[in-house]
Amino acid sequence: MMDTIYTEKHRLRASKTELYGGELLPPFECPERMDFILTALRDSGIGAVLEPEDFGRAPIAAIHDEGFIRFIETCWQEWVEAGFKGEAIATSWPSRSMPSPHIPEFIDGKIGYYTLASETSISAGTAEAAYASAQVALTGASMISRGVEKQIFSLCRPPGHHAATDQYGGYCFFNNAAIAAQHMRDQGADKIAILDVDFHHGNGTQEIFYERSDVLFLSLHGDPKMAFPYFLGHADETGKGEGHGFNQNYPMGPGTPYSIWSEALEDALSRIRDFAPDAVIVSFGADTFENDPISFFKLASADYIDMGRRIAGLGLPLQVVMEGGYAVSEVGVNTVNLLKGMEE
């Protein structure tokens, strides 16, 4: 049965504010998400829940810019020392008319330099939780690399797939799936495929691997003409240089049902088979669910069982890395259904 890697340190990330629809609201990405998933895991009897190992900072630095990592580590302290009373939210950032900006020294400007969206506030404990989440991903990657597990679930929070080389946003700070993929490569894997089935495009993962041919990235997501993160995720983005042909996007419109969504999945799985990777990392978001509060696909709970079955049909080592899926009770049911489908 599939085991789960998880740490309670995710609760250190408990921000109070998200900028949404012109209002400051309680964040959709909240600790309660994990409670729903853990309850469903325990009720289903799927595998053991294991504590992560600590692989240190180096595997994170193998993916992310050093200045960016230091920013995540020190942002909250600098914000408080500057005298600000609320949580750290970007108010300005480089625009298209500023192609080569200098990095500001004052924290209010520095936040803008390193963010890609203003909905994600930084609060006390964010850096510690993001570091712990990366360790959850690294532990799963290590177990797959060492052959300890054929399938593993890294229950990461905060999520990661929007985090780019030197930008955070979309509730993401360190890119857990990318860090896991690089760790597998560093442990001897020749090729890794990352299949992103979160509702939102994995813009950070795409940016990180866009010029590489050793990591195939495929993303099924809401059309960026209408859905966050808006500026990446179009079908004509296929990689650059050595990475040309190793990036595949499947943007889909509002109301997409599983019958249409699964056709894109089958195409993605065919491309993975042709690529013949050593392992597959699944960036899984349960926000494709029909009742998710900030998405527009129409997948039903039973569809996740079939999704898991199809992905497991690749017959390759699989690491599932948790991304989105927000605080509706079905986030637990749908996550467990995916894992059940993989075990059939």
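**A walk through the fold, ending at two helices**

Of the 344 residues in the protein chain, 58% count as buried, where buried means under 20% relative accessible area. Keep in mind as you look around that this is a predicted model.

Let's begin with the overall dimensions. Taken along the principal axes, the box filled by the C-alpha atoms of the protein chain is roughly 55 × 45 × 40 Å. The radius of gyration tells a matching story: a compact globule with 344 residues would have a value near 20 Å, and the protein chain has 19 Å, so the two agree.

What does the chain show on the outside? The exposed area of the protein chain is about 13300 Å², with 52% of it supplied by carbon and sulfur atoms. Turning to the inside, consider the contacts in the protein chain with a separation of 6 or more: 77% of them are accounted for by residues 24 or more positions apart.

Now for the secondary structure. The protein chain has ten helices and ten strands, and one pair of helices makes a good place to zoom in. Helix H9 covers residues 303-312 and helix H10 covers residues 330-343; their axes come within 6 Å and cross at roughly 35°. The crossing in which H9 passes H10 is right-handed.

Which residues meet there? From H9 come Tyr 304, Ile 305, Met 307, Gly 308, Arg 309, Ile 311 and Ala 312, and from H10 come Asn 334, Asn 337, Leu 338, Gly 341 and Met 342. Sorted by class, this contact of H9 with H10 has seven nonpolar residues, four polar ones and one charged. The charged one is Arg 309 of H9.

Note on methods: Residues numbered from 1 in each chain as written. Predicted model: local features only at pLDDT ≥ 70, side-chain atom pairs only at ≥ 80, totals over all residues. Heavy atoms only, no water. Axes fitted to C-alpha atoms, helices over the stretch in contact; angles between N-to-C directions. Helix = DSSP H or I, 4+ residues; strand = E, 2+ residues; numbered from the N terminus. Left-handed = near helix turned anticlockwise from the far one by under 90°. Contact = heavy atoms within 4.5 Å. Rg over C-alpha atoms; globule rule 2.2 N^0.38 Å. Buried < 20%, exposed > 50% of the residue type's maximum accessible area, 1.4 Å probe, protein only. Areas by Shrake-Rupley, 256 points an atom, 1.4 Å probe, with all protein chains shown as cover.
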